[in-house]
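Got your viewer open? Load the model below and we'll walk through it stop by stop.

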Amino acid sequence: RGTKLSKAEYYALLGRSKMALSIRGGGFDTLRYWEIVSSGTLLLSEPPDIEIPDNFVHGQQALFCRADLSDLPELVRYYASHDAERESIARAGYEHLLKFHTCERRAEQLLVRCKQSV
């Protein structure tokens with residue numbers, strides 16, 4: 001659109017979207033990956049090339065397209081017209097995020113790992 005969205009506009013747009021895409025830029029780990037899911041929107045991403053403990057599972061909590069993006073149009077077309085499946089995966093992704101990827105859960109995971117290494 002040529003205009004920068006405010007944070008509120010950005011999150012409102014994510015929340016209204018059927019799905020959103022998170023693709024590598026300067027590296028894989030990006031806030032967008034987590035913001036999409038936290039907005040209750042279906043995450044569509046290339047497979048991470050970094051280790052993410054308790055990451056989302058393709059077809060259960062998110063969708064991962066091929067690294068060359070060759071199946072991206074097919075995934076978008078299918079899930080854009082299959083509301084119940086898309087919404088179920090998005091909801092499961094949000095629940096998974098709350099279970100494993102909040103600040104509190106990550107802190108707990110770090111403490112467990114620290115105790116295990118002693």
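Before you click on anything, a word on naming: helices (H or I, at least four residues) and strands (E, at least two) are DSSP runs, numbered from the N terminus. This is a predicted model, where local features need pLDDT of at least 70 and side-chain atom pairs count only at pLDDT 80 or more, while totals for chains, interfaces and linings use all residues. Residues are numbered from 1 along each chain as its sequence is written, and side-chain values use heavy atoms, with hydrogens and water left out.

**Whole chain.** Start with a cartoon of everything. You should find five helices and three strands, in the order α-β-α-β-β-α-α-α from the N terminus. Along the principal axes, the C-alpha atoms fill a box of roughly 50 × 30 × 30 Å.

**Surface.** Now switch the surface on. About 7,700 Å² is exposed, and carbon and sulfur atoms supply 55% of that (areas by the Shrake-Rupley method with a 1.4 Å probe; for residues, only the protein chains shown count as cover). Of the 118 residues, 31% count as buried; buried means under 20% relative accessible area, exposed over 50%, and partly exposed in between (1.4 Å probe, protein chains only).

**First loop.** Select Asp54, in the loop between strand S2 (42-45) and strand S3 (63-64). What is its phi? The angle is near 55°, a positive value in a residue other than glycine. Asp54 is partly exposed, at 36% relative accessible area.

**Next loop.** Move on to Leu69, in the loop between S3 and helix H3 (72-80). Here too phi is positive, about 65°, and Leu69 is not a glycine. With a relative accessibility of 31%, Leu69 counts as partly exposed.

**Helix pair.** Finally, select 83-100 for helix H4 and 103-116 for helix H5. Two packed helices are described by the angle between their axes and the distance between the axes. The axes of H4 and H5 come within 6 Å and cross at roughly 45° (axes are lines fitted to C-alpha atoms, for helices over the stretch in contact, and angles run from 0 to 180 degrees between N-to-C directions). H4 and H5 are therefore oblique to each other: under 35 degrees counts as roughly parallel, over 145 as roughly antiparallel, 65 to 115 as roughly perpendicular and the rest as oblique. Which residues make the contact? Show sticks for Leu98, Lys99 and Phe100 of H4, and for Arg105, Arg106 and Gln109 of H5; contact means heavy atoms within 4.5 Å.
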